[in-house]
Every structure is written in C-alpha cells, then in structure tokens.
Amino acid sequence: MTYSKIQKKTLELLLKKYESSKTYLGKNEVSQSFSLSPEKIFSDYVNDFADVDEIRDFENDIARLESESLIAISKNNDRIQKITAISSNENWQKIRLILGVKDKNEQKKEEIGFYSAIYEDSNSEQIVKDFCKNQIERLKTDKEAEYVQEDAKNIIALLNFILKNKSEILERELSISVLSNSKTWEEKYKRKVLKILRQSGHFDALLEQCDDEKEKNKILLEECNIFSNPSYVHFKGNGKITFENGKCINVFSDIPLALSSTSISEIASLEIDDSKIMTVENLTSFNRISDSETFFIFLSGYHNSAKQDFLKKIHKQNPNKEYYHFGDIDPDGFFILDNLRSKTQIDFTAYKMGIAELQKYSDFSKPLEQNDITKAKSLIANEKYAEVLRYMLQNNLKLEQEIISWHG
C-alpha cells in the first residue's frame with residue numbers, strides 16, 4: 001500500500017512529536033496526546049483563496065489515515081481543526097514501517113556504536129576522532145547527529161583521506177578516489193568537510209590572516225595538497241635546477257619557467273647565480289618585473305608549508321644572497337610578507353612597498369576597507385611596518401603592486 005506525501009508528512013510530524021516526548025522516554029506520569037493543526041501539514045488549508053481541489057485531496061488523504069485507525073480528526077463546520085495520533089506501540093511501529101525509519105532509541109544506539117568504533121580506531125586522524133566524539137555527545141544528550149549516517153560515512157572517509165594525503169591531488173581526483181564520482185565532492189560534501197576542518201582549530205594559525213571564506217577554503221585544501229587545478233611555481237633569473245633523479249634545467253632571466261608543485265618537491269638543488277632573490281605576490285607583476293641581478297620566484301597563491309619548505313631549501317643552498325619580497329602595498333601585502341618571514345625564518349626585505357611608492361602612484365590608489373584598517377592596527381600594535389601602515393591609515397589609501405611593476 002502506498003501513501004501520499006501529505007500522509008507521510010502527517011505521520012512524520014506526529015512521530016517526531018511522540019519521540020521527543022516524556023511519554024516516549026518513559027518519564028511521564030500522565031497521559032499525553034500528540035496533535036497537529038492542519039495548516040502545519042498544508043499551509044493553505046486555512047487560506048480563503050486556496051485551491052478547492054487541493055483542499056479536497058488533503059482532506060481525503062487525512063480521512064484515509066483515520067480509516068486505518070492511525071489518527072483521529074476533530075472538525076468544526078466540516079473543516080478539520082485538529083489531527084491527533086491514536087497512540088499505541090503497535091501504531092507507532094506501523095508508522096515507522098510506513099515511513100521506513102527505525103525506532104529513535106534503536107537508531108541512536110546504532111549511531112553511537114558507529115561513531116564510537118571510528119573514535120576508538122587508532123588509524124583515525126585526531127580531527128576525525130574529535131568530530132566523532134562531538135557526535136556521540138550530541139546523541140547522548142538527545143540531540144540528533146549533524147549528518148545522516150550515510151553522509152557521515154562519506155565525510156569521515158574524506159577527512160581521513162585529506163588529512164593523510166602527502167602528494168598533490170586534484171579535487172576531482174579526490175572525489176573519484178573516495179566517492180567514485182568526480183562531481184560528488186563539489187556538489188555535496190566540500191562545504192561540509194571544510195566546515196569541520198575549519199572548526200577543528202587545527203588550521204587557525206594558517207587562516208588567521210584571511211577574511212574571505214572562499215580563499216580560506218583554498219588555503220586549507222592546498223595545505224593538505226588538494227588543488228582545484230595543478231599548482232605551478234614560476235621562475236626567471238640565472239641559475240640551475242637539479243632534480244633528485246639527476247636531471248638538470250637551466251633558468252634564464254629572459255625565459256620564464258614554470259614547474260608543477262609535484263616537480264618542486266623533487267628538486268634536489270637550486271643554484272642561483274644572481275646576487276638577489278625575490279618572491280613576487282602577483283603573476284602580472286612577476287611577468288612584468290625584470291632585473292639582471294635578481295632571481296624572481298612567483299609561488300602561485302598562498303605560501304603553504306610545502307612552498308615554505310621549498311624557500312628554506314633555496315635559502316640553505318644560497319645563504320649569502322639578498323632576499324626580497326614584492327607585494328601589494330596594503331595591510332594584506334604586509335601580512336603576507338610577515339607570514340613569509342616568520343614561517344621561513346628568512347630575512348625578506350620589502351621591495352618598493354613604502355611611503356615613496358604610495359606618494360608617487362597615489363592617483364592609482366584605493367581607499368581602505370574596514371578589514372584593512374583592522375589588519376593595519378594589528379600589525380602596528382605588534383610594531384611591524386608601522387611607518388608605512390600609519391601613512392596608509394592617515395591618508396586612507398592602499399596600492400596594488402601591478403602599477404609599480406608596470407611603471408616602476
């Protein structure tokens with residue numbers, strides 16, 4: 001026997017009321033009834049302009065449930081006023097069969113067992129353990145788990161894969177590897193998994209300088225070697241790259257070169273002939289800027305730990321060079337520089353990121369936004385880049401580096 005959407009919704013709402021009650025928990029000393037007004041199921045039922053045929057179909061659906069002794073109907077002037085469940089263990093079990101659901105307590109025990117097994121598994125990552133512990137605590141305090149069990153299985157599988165991953169993989173490859181479908185990650189699970197990773201607190205230091213949620217997600221995934229597209233590091237200058245397999249590539253100042261992040265991890269040495277090494281924040285400026293004595297590096301995106309390790313390797317092999325960073329003259333640009341200095345322990349000097357550039361190119365400047373002001377004040381409070389940041393605040397301006405690399 002099949003049941004309509006209206007009939008199932010009615011039974012679902014009544015069952016939810018029952019399973020949330022003291023009667024269900026065995027804590028009630030008086031008899032309880034479980035009722036609904038018709039508009040909770042069909043909102044237009046009390047609307048004077050509702051479709052007459054829809055009202056008739058609704059009333060017929062409810063009457064059928066009454067004929068099966070699952071509910072009782074209270075009427076006034078032939079209009080339904082109240083729908084009340086006929087409460088008995090037999091009826092509630094029949095309703096569960098109609099809806100295809102388990103007894104709430106049985107379902108809760110099953111879910112607690114599912115999360116407990118993963119929590120106790122020594123192969124589970126700590127973030128996964130913490131997620132499972134939180135779900136167990138929710139279930140034990142009569143709250144629902146955050147996700148249905150089938151989704152939770154996939155989310156946990158994705159988390160374990162991402163957190164254990166050591167090699168570069170693309171998002172669609174992740175989706176196929178774990179979910180056997182190239183689109184399911186993006187369409188259903190990406191937002192959920194990233195929320196858990198962000199809320200874990202494990203990546204707080206990594207994300208503290210970023211305000212944009214989309215950029216935060218990108219930074220977090222790249223830290224775990226998950227990329228939407230292949231990531232490349234760009235070079236130009238004078239030097240030689242030697243790979244672990246013994247192969248070599250010469251780099252020239254007039255022939256820019258780009259290598260994938262996977263190839264970067266296989267570099268054994270980078271011998272630089274130029275006296276200066278400069279990281280550049282934006283690709284447009286990297287393509288435009290030139291200097292016969294400088295080796296330029298564009299790291300393509302956020303400086304995650306893999307890129308930071310790569311810079312440390314360069315510095316170890318070229319310790320006597322001068323190190324510079326060229327970025328936007330705005331609070332974000334100085335946060336990037338500060339992060340670069342602190343994470344690599346390399347004494348990068350800001351290149352053309354001072355008051356002189358702000359004054360020279362003021363016609364191309366933009367006003368500060370609130371998050372710029374907040375970041376500037378935070379850096380000043382820590383006595384970092386205070387002079388140029390105070391100038392920005394006093395004159396309400398910031399500058400993108402592209403105008404400097406073009407004209408400067």
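Buried means under 20% relative accessible area, exposed means over 50%, and partly exposed is what falls in between. Keep those cut-offs handy for this walk through a predicted model.

**Stop 1: lysine 82**

Select lysine 82, which you'll find in strand β3. Is it buried, exposed or partly exposed? Its relative accessibility comes out at 39%, so lysine 82 goes down as partly exposed. Now show what surrounds it: setting aside neighbours within four places in sequence, lysine 82 is in contact with Ser35, Leu36, Pro38, Ala72, Ile73 and Ser74. For a sense of scale, draw a distance from its C-alpha to that of glutamine 149; the two residues sit 67 apart along the chain, and the separation reads 34 Å.

**Stop 2: the sheet around β3**

Stay with β3 and bring in its partners. The open sheet here has three strands, ordered β1-β3-β2, with antiparallel pairing. Colour β1 (35–36) and β2 as the edges, since each of them pairs on one side only. Between β1 and β3 there are two bridges, in the antiparallel sense. Zoom in on serine 35 and you'll see threonine 84 of β3 standing opposite. Then add α3: this helix packs on the sheet, touching β2 and β3, and its direction makes about 135° with that of β2.

**Stop 3: helix α3**

Select residues 52–67 for the whole of α3. Does the length add up? With 16 residues at 1.5 Å each, α3 should span 22 Å, and its end C-alpha atoms are indeed 22 Å apart, so the two agree. Show the side chains of Ile55, Phe58, Asp61, Ile62 and Leu65, which are buried. These residues cover an arc of only 125° around the axis, and therefore lie on the same side of α3. The spacing rule behind this kind of pattern is a familiar one: an α-helix has 3.6 residues a turn, so residues three or four places apart point the same way.

What do the buried residues of α3 pack against? Light up α1 (5–19), β2 (71–76) and β3 (79–85) to see the answer. Spin round to the other side of α3, where Val52 and Ser67 are exposed.

Both ends deserve a click. At the N-terminal end, aspartate 51 acts as a cap for α3, with a side-chain oxygen 2.8 Å from the backbone nitrogen of aspartate 53. Just past the helix, serine 69 has a positive phi of about 60°.

**Stop 4: helix α6**

Jump to residues 126–140, helix α6. Its 15 residues, again at 1.5 Å apiece, should span 21 Å, and the end C-alpha atoms are 21 Å apart, so this one agrees as well. The buried set in α6 is Ile127, Val128, Lys129, Phe131, Cys132, Gln135, Ile136 and Leu139. Add α5 (104–120), α7 (149–164) and α9 (184–199), the helices those buried residues pack against. Before moving on, check aspartate 142 just after α6: its phi is positive, at about 65°.

**Stop 5: the β8-β7-β10 sheet**

Last selection: another open sheet of three strands, in the order β8-β7-β10 with antiparallel pairing. The edges are β8 (248–251) and β10 (267–272), each pairing on one side only. Ignoring direction, neighbouring strands in this sheet are turned by 15° against each other on average. Strand β7 (residues 239–243) pairs with β8 over four bridges, in the antiparallel sense. Finish on threonine 242, with cysteine 248 of β8 opposite.

Technical notes: Residues numbered from 1 in each chain as written. Predicted model: local features only at pLDDT ≥ 70, side-chain atom pairs only at ≥ 80, totals over all residues. Heavy atoms only, no water. Pairing = 2+ DSSP bridges. Axes fitted to C-alpha atoms, helices over the stretch in contact; angles between N-to-C directions. Expected span 1.5 Å × (residues − 1). Buried < 20%, exposed > 50% of the residue type's maximum accessible area, 1.4 Å probe, protein only. Arc of directions from axis to C-beta. Contact = heavy atoms within 4.5 Å. Polar contact = N/O pair within 3.5 Å; in protein donor to acceptor, adjacent residues only side chain to side chain.
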